Amino acid sequence: MTKIREKWIDETKGFAIYLVVLGHSIQYATSQHYNFNGNLVFRLIYGFHMPLFMIVSGYLFWYSLNRYDLLQGFLSKLRGIMIPCAVWGFVTWLCDILFMGNSTISLKGYLVYTFYSNWFLWAVFYCSLYGFITKYLFRNSVWGYGIVLIINYFVPEFGNYAGTKRMLPFFIIGILLHRSGMVAKIKEKKGICVLVLLGAMYFICLRLNLAEIITGTIGSAFFIVIFYNLCNEKRFNVFSRLGEVSIGIYLFTGIVFYFWVKEYFRISESYRYLIKSAYVFLMSIILTAIAYILCKLLQKSAVTNLLFLGGQRRGGIEKK
């Protein structure tokens, strides 16, 4: 049976992870007095980039739903998400002790720190559990996912669960998007009109400051259609490579921004806007490149690939 490489998935993930780094550069590399929330680029990025990540995660999760039962699925997510979360949590906790002096050297301190760090990975883990439970109880029915959304709405924001309350709707959108084959249908219809409509709607949503579920879904749909339709273009190869190691880039750059960039590499507010913009852009490029090189080195060993990247495989997602 012929296998088709779904390269557009890695391209979309790579694009999204670069936007994460760029957004953090705007936030942490500029002056503490800079109103980054008023920055147009920052608002454009934060209007959709994490929803896009979560929709893609849900889209990919469809493969896991078809491959694993409840126990196997739980163990696969422990391996692919919780192991890197625990390892990078240890690295972050150690950096906090060595460079900030805010944590104590104890097992409890490490566990607490890991539990409250890397909210997005925890959200993907919780959403995945919801997905497997929905398969087990409701056979992946649409109404079953509706029940899960209702339950999620009433769950209190305990511990690190707040991110899951925000992201679960997008995760389920990704699952249903894959199940329905809607993206392929848009491609068949030469979706230039769809792109124009989605782009206009996204700017209107930002302008009106509408809810994240609306803005994030429309913005994500815009870029999903772009990458699905243009996935064979060589110009996007750089995003494809970044997408192969997106987890590592997200975790590594998060540590660098928190412990070093915001403490030692902020640019003064006295510089002109163009100089500050160039500095932020250069910072995002450099950190993304460093993170990518580090992740490729980690992939060379099966042990470090498992510990730091969850055994993330090279070369995209395949489907039969």
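I call a residue exposed when its relative accessible area is over 50%, buried when under 20%, and partly exposed in between. I keep that rule beside me for every entry. The model I am reading is predicted.

**Entry 1: accessibility and two ring pairs**

I tried the rule on tyrosine 116. Its relative accessibility is 53%, so tyrosine 116 counts as exposed. Its ring partner is phenylalanine 115. That residue has a relative accessible area of 26% and is partly exposed. The two ring centres are 5.0 Å apart. The planes stand at 90°, so I logged the pair as edge-to-face.

How many aromatic pairs does a search of the whole structure find? I noted 35. Next I picked out phenylalanine 99 and tryptophan 260. They too form an edge-to-face pair, with 5.1 Å centre to centre and 70° between the planes. Which parts of the chain does this pair link? Phenylalanine 99 is in helix H4, residues 70-100, and tryptophan 260 is in helix H13. These are distant parts of the chain, 161 residues apart. Both rings came out partly exposed: phenylalanine 99 at 45%, tryptophan 260 at 26%.

**Entry 2: a cluster, and charges over rings**

I then looked for rings that group together. One aromatic cluster holds Phe15, Phe48, Tyr202, Phe203, Phe222, Phe223, Phe227 and Phe239.

I also looked for charges above rings. Lysine 262 puts its charged end over the ring of tyrosine 258, 4.8 Å from the ring centre. Lysine 165 lies over the face of tyrosine 153. There the distance to the ring centre is 6.0 Å.

**Entry 3: the second largest pocket**

I turned to empty space. The second largest pocket holds about 650 Å³. Its lining has 22 residues. Which of them lie nearest the centre? I wrote down His24, Tyr28, Trp119, Tyr250 and Gly254.

Four elements give two or more residues to this lining: helix H1 (7-28), helix H3 (49-67), helix H5 (107-116) and helix H13 (246-264). Which gives the most? It is H13, with six residues. H13 was already in my notes, as the helix that holds tryptophan 260. Sorted by class, the lining has 13 nonpolar residues, seven polar and two charged.

**Entry 4: two positive phi values**

I checked the backbone for positive phi in residues other than glycine. Arginine 139 has a phi near 55°. Asparagine 140 has one of about 60°, and it is not a glycine either. Where are they? Arginine 139 lies in the loop between helix H6 (119-138) and helix H7 (142-154). Asparagine 140 has its place in the loop between H6 and H7 as well.

Is each one buried or exposed? Arginine 139 has 77% relative accessibility, so it counts as exposed. Asparagine 140 has a relative accessible area of 10%, so it is buried.

**Entry 5: cysteines**

A disulfide is a covalent bond between the sulfur atoms of two cysteines. How many disulfides are there here? The count comes to zero. I wanted to see why cysteine 95 has no partner. Its closest cysteine sulfur is in cysteine 85, and the gap is 15 Å. The cut-off I used is 2.5 Å between the sulfur atoms. Cysteine 95 is therefore too far away for a bond.

Cysteine 295 is in no disulfide either. The nearest cysteine sulfur to it belongs to cysteine 95, 15 Å away. I looked up accessibility too. Cysteine 95 is buried at 10%, and cysteine 295 is buried at 1%.

**Entry 6: two distances**

Last, I took two C-alpha to C-alpha distances. Alanine 200 is in helix H10, residues 192-208. It counts as partly exposed, at 40% relative accessibility. Alanine 200 and glycine 219 are 19 residues apart in sequence and 9.8 Å apart in space.

Serine 277 sits in helix H14, residues 273-299. It is partly exposed, with a relative accessible area of 30%. How far is its C-alpha atom from that of leucine 71? The separation is 48 Å, with their places 206 residues apart along the chain.

Conventions
Residues numbered from 1 in each chain as written. Predicted model: local features only at pLDDT ≥ 70, side-chain atom pairs only at ≥ 80, totals over all residues. Heavy atoms only, no water. 1 Å grid on protein atoms, 1.4 Å probe; cavity = no way out; pocket = protein on both sides within 12 Å on 5 of 7 lines; lining within 4 Å. Points joined across faces, edges and corners; volume = space filled by probe spheres on them. Nonpolar A, V, L, I, M, F, W, Y, C, P; charged D, E, K, R; others polar. Phe/Tyr/Trp six-rings, centres within 6.5 Å; stacked < 30°, edge-to-face > 60°. Buried < 20%, exposed > 50% of the residue type's maximum accessible area, 1.4 Å probe, protein only. Lys NZ or Arg CZ within 6 Å of the ring centre and 35° of its normal.
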